[in-house]
Amino acid sequence: MMNGKISVWILGDQLLERHPALVAAEAAVGREDLRLVMVESRQRTGKLPYQRKKLVLLFSAMRHYAAELRRQGYQVDIVQATTFAEGLRQHVLSWQPVQLITMAASEYAGRRWQQEQLASLLGVDVKILPNTQFLIGQIDPFPDLAPGKRVVMETFYHQMRRRTGVLMDANGQPEGGQWNFDAANRKPLPKGIQPPALPAFAPDEITKKVMEEVESAGRGLGTVDGFDLAVTREQALAAFDDFLANRLPAFGPYEDAMSSHHRTLYHSAVSPYLNLGLLEPLELVHAAEQAYHEGRAPLNSVEGFVRQVMGWREYIYWQYWRHMPGLIEANAWDAHRSLPSYFWDGQTEMRCLRHAIRRALDTGYTHHIERLMLLTNFCLLAGIEPMAVNNWFLSAYVDAYEWVMLPNVLGMGLNADGGQIATKPYIASANYIDKMSDYCQGCHYDPKQRTGTDACPFNFLYWNFLLENEQPLRANPRLGNAVLGLRYLDEEERRRVRDQAQRFLSETA
């Protein structure tokens with residue numbers, strides 16, 4: 001046992017049921033000489049105009065977490081301060097610990113600050129434990145990987161399945177004889193189908209207090225009105241159980257579908273809770289796997305969900321740490337246009353963008369295909385400056401954190417990293433949107449027209465992007481067919497495409 005008192009700093013996005021810093025501190029000094037501190041930093045939450053529902057979720061979840069620890073007999077300080085440093089200094093001066101234990105931040109700048117400045121700022125010994133919110137850090141999928149070697153997500157995903165045994169049969173082969181059932185998961189939502197609504201959690205007194213504080217601060221996007229997200233682990237587990245019972249069975253086939261009538265369709269919508277630490281990845285994966293083995297969900301749906309959690313999410317986090325800090329400067333397509341003003345109010349005649357943007361601003365959520373094939377697809381085709389797009393995503397979404405947005409927006413969505421994270425730019429014309437959604441119905445624009453007054457901007461921007469970048473796109477084997485389509489455009493059609501694209505972009509700057 002250590003002599004003296006210990007502080008445990010728990011970050012607001014590390015609300016784990018068994019936080020490793022708390023476990024380590026209690027083992028060292030017992031509960032009597034242990035005090036937890038959580039800091040609500042005005043500077044950090046004012047860095048961007050964050051979604052107000054995200055701020056409510058964050059602060060309410062932190063305060064509920066503190067209340068639960070107090071019920072368990074722990075001493076907990078919640079400090080409201082201008083900065084993390086100020087709040088931690090205030091706690092240290094009051095408690096006088098000999099050591100502060102914390103878990104490594106999931107974001108680059110925060111972890112560097114912990115490692116390089118925290119001890120000198122506080123004047124006490126600081127112990128930083130490895131981050132356990134991700135499987136990466138606990139599982140090394142490529143222990144012998146050479147630095148800088150490119151790894152695609154599918155290869156990474158296979159390794160994660162092998163390392164954990166998830167959806168693997170007794171012979172070490174993937175369940176069902178194949179790794180990926182994506183080909184079965186590309187159906188548009190049938191007309192008349194009614195996906196079940198998400199469970200709603202009425203705000204309690206703690207949450208109502210936070211809502212008042214966030215609204216009165218006058219910062220951020222959207223409104224606190226209608227907030228009904230889970231703010232405790234118990235509620236988050238209930239939200240996930242509801243997904244398992246009511247949406248997982250149909251999740252696979254309609255994973256890529258988009259609808260103007262249904263916001264979440266059959267998606268789990270638990271990413272806000274997973275990213276806060278209220279839920280943990282392996283427990284979700286094992287629960288979905290159990291649903292398959294018990295006959296409660298088909299393999300294509302379960303594998304699709306497992307791939308999102310164990311494949312995409314872990315891959316994105318892994319790539320974030322491989323490419324930081326250089327990822328912030330990534331701009332492989334030399335995009336420098338400003339983000340259009342309608343990203344802040346949804347006032348656009350493009351029906352698909354209007355719905356997706358307004359959903360994000362109003363609720364803090366759109367599912368992954370709307371983010372990838374509507375929002376970042378448009379921004380890539382329009383040549384929007386990558387960090388402007390990234391900062392909008394960070395501002396608008398309740399599940400947004402730098403570790404996920406930088407590699408997902410700059411890497412996967414905008415291909416600004418030169419193809420290190422995704423093997424091709426995810427670009428598509430209006431034909432894809434028309435096929436996978438009902439957004440084109442009743443739109444001001446015609447998805448069938450390439451140019452002309454009624455032409456959908458996704459069409460002339462798509463063909464303009466191909467024209468502007470024909471040589472590098474031809475070099476990518478996965479885009480061969482798309483670029484070959486340019487042979488059907490004569491010189492006059494090419495001129496019309498270029499002229500209309502430039503006119504549209506200059507008018508919407």
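In this predicted model, a good place to start is the second largest pocket, to whose lining β2 (34–41), α2 (42–45), α3 (52–71), α4 (84–95), α5 (108–116), α16 (386–396) and α17 (402–413) each supply at least two residues. The lining of this second largest pocket comprises 39 residues, and those that lie nearest its centre are Arg-44, Lys-47, Phe-84, Glu-107 and Gly-110. When the residues of that lining are divided by character, 22 count as nonpolar, ten as polar and seven as charged, while the space in the second largest pocket comes to about 940 Å³.

From the pocket we can turn to the interior. In soluble globular proteins, nonpolar side chains tend to be buried together. In this model the largest nonpolar core has 160 residues, and Leu-248, Leu-353, Phe-378 and Trp-392 are those with the most contacts inside it. Helix α13 (residues 299–323) gives the most to this core, contributing eleven residues. Apart from this core lies another, made of 16 residues, among them Trp-9, Val-79, Val-92 and Val-126.

What does Leu-248 touch, once its neighbours within four places in sequence are left aside? Leu-248 is then in contact with Phe-243, Ala-288, Ala-291, Ala-297, Ser-301, Val-302 and Phe-305.

A last stop is Glu-470, which lies in helix α20 (residues 470–474). Is Glu-470 buried or exposed? Because its relative accessible area is 17%, and buried means under 20%, Glu-470 counts as buried. Not counting residues up to four places away in sequence, Glu-470 touches Val-483, Leu-486 and Arg-494.

Conventions. Residues numbered from 1 in each chain as written. Predicted model: local features only at pLDDT ≥ 70, side-chain atom pairs only at ≥ 80, totals over all residues. Heavy atoms only, no water. Core = buried A, V, L, I, M, F, W, Y, C linked by side-chain atoms within 4.5 Å. Buried < 20%, exposed > 50% of the residue type's maximum accessible area, 1.4 Å probe, protein only. Helix = DSSP H or I, 4+ residues; strand = E, 2+ residues; numbered from the N terminus. Contact = heavy atoms within 4.5 Å. 1 Å grid on protein atoms, 1.4 Å probe; cavity = no way out; pocket = protein on both sides within 12 Å on 5 of 7 lines; lining within 4 Å. Points joined across faces, edges and corners; volume = space filled by probe spheres on them. Nonpolar A, V, L, I, M, F, W, Y, C, P; charged D, E, K, R; others polar.
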